[in-house]
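Biologist: I should like a close look at one part of this model, with attention to charged side chains and their surroundings. Please take the structure below as the basis for the discussion.

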Amino acid sequence: MAGKKHDLEGMEITTSSPLIPMFEAFRDELDEHHDRRERIMKASRDITALSKKNIFSLQRVRQLQSPIPSSIRKEINDRSDTIKELFISVGPDLQGLNAWRYQRQISSGCQEFVEAISFQHYLETQNLITHHEAQDMIPGGVELTADDYVLGLFDLTGELMRFGITSMATSGRLPRGPGNAGNEGRDILVDLRSFRTSFESLDTSFSLTDWSPLKHNLVKKIDVMRQSVEKVENAVYGMIIRGRERPKGWVPDLNEGPERGREPVESY
């Protein structure tokens, strides 16, 4: 409690200025704003960390369009339940205008969450999760913006690159879906090239505002995405052309080729 004011003779000064209640209301509003901001930032960091752990677990999968092994699925489900609780806990803080006021604070968590669920969706179906499907997986009324959805998919290409390289190193072949009606399924490189074509033709004019996350990250994300696709291409070329000369268990050198010296892909 603040001390009482006194004049030079030690007499207590009483104030009845109408400005004092107004500034006290401003103080309470600022305190509430900072508390809300900290709650959202903490939840976003926790969502990011748990989503990364789900991605690490999914990297142990070795087949496309197959059920996730039960041991891995249990790990993912437990963390996913915690992620849902975190979204629900900050849902009331992200309603109305606050959804945009604190969008930067929740953005990184949403992007990492999209990366994790899109990776799992791809492993199970070999298809890309839609924005509507991703939004349905976020509870608490938290809105998934188009920018966060697209940036999460950009990061997905890095996980698909690691998945493809690891599968080639352990099995000697590129991951491929089972196909149907006697036709051979698509391999992961076909999908990565399709992603590259779609991302390079992306029209971002609708999002080029001063605060847009897509505006600030697009050039870097496209460059990293291209590196991911090129690394898989170089690994496939090496496996086809010189594969028989290499011993079993050979791992491609990802530092070979023209991408040496470029900014590395976000790693775990």
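Is Asp 46 buried, partly exposed or exposed, judged by its relative accessibility? Please set the answer in the context of the salt bridges of helix 1 (residues 19–58).

Modeller: The model is a predicted one. Asp 46 counts as partly exposed, because its relative accessibility is 27%, and buried would require a value under 20%. The salt-bridge partner of Asp 46 is Lys 42, with the closest N and O atoms 3.1 Å apart. Both residues lie in helix 1, 4 residues apart, which is about one turn of the helix. Lys 42 is likewise partly exposed, with a relative accessible area of 48%. Elsewhere, salt bridges that share partners join Glu 32, Arg 36, Arg 39 and Asp 93 into one network.

Within that network, Arg 36 and Glu 32 form a salt bridge with an N to O distance of 2.8 Å. Here too the two residues belong to helix 1 and stand 4 residues apart, about one turn. Glu 32 is partly exposed at 45% relative accessibility, whereas Arg 36, at 9%, counts as buried. Arg 36 also forms a salt bridge with Asp 93, the closest N and O atoms being 3.8 Å apart. Asp 93 lies in the loop between helix 2 (70–90) and helix 3 (98–101), so this pair ties together parts that are 57 residues apart in sequence. Both Asp 93 and Arg 36 are buried.

For the wider setting, the structure holds 16 salt bridges, and the protein has 8 helices and 0 strands.

Note on methods. Residues are numbered from 1 along each chain as its sequence is written. This is a predicted model: local features need pLDDT of at least 70, side-chain atom pairs count only at pLDDT 80 or more; totals for chains, interfaces and linings use all residues. Side-chain values use heavy atoms; hydrogens and water are left out. A salt bridge is a side-chain nitrogen of Lys or Arg within 4 Å of a carboxyl oxygen of Asp or Glu. Buried means under 20% relative accessible area, exposed over 50%, partly exposed in between (1.4 Å probe, protein chains only).
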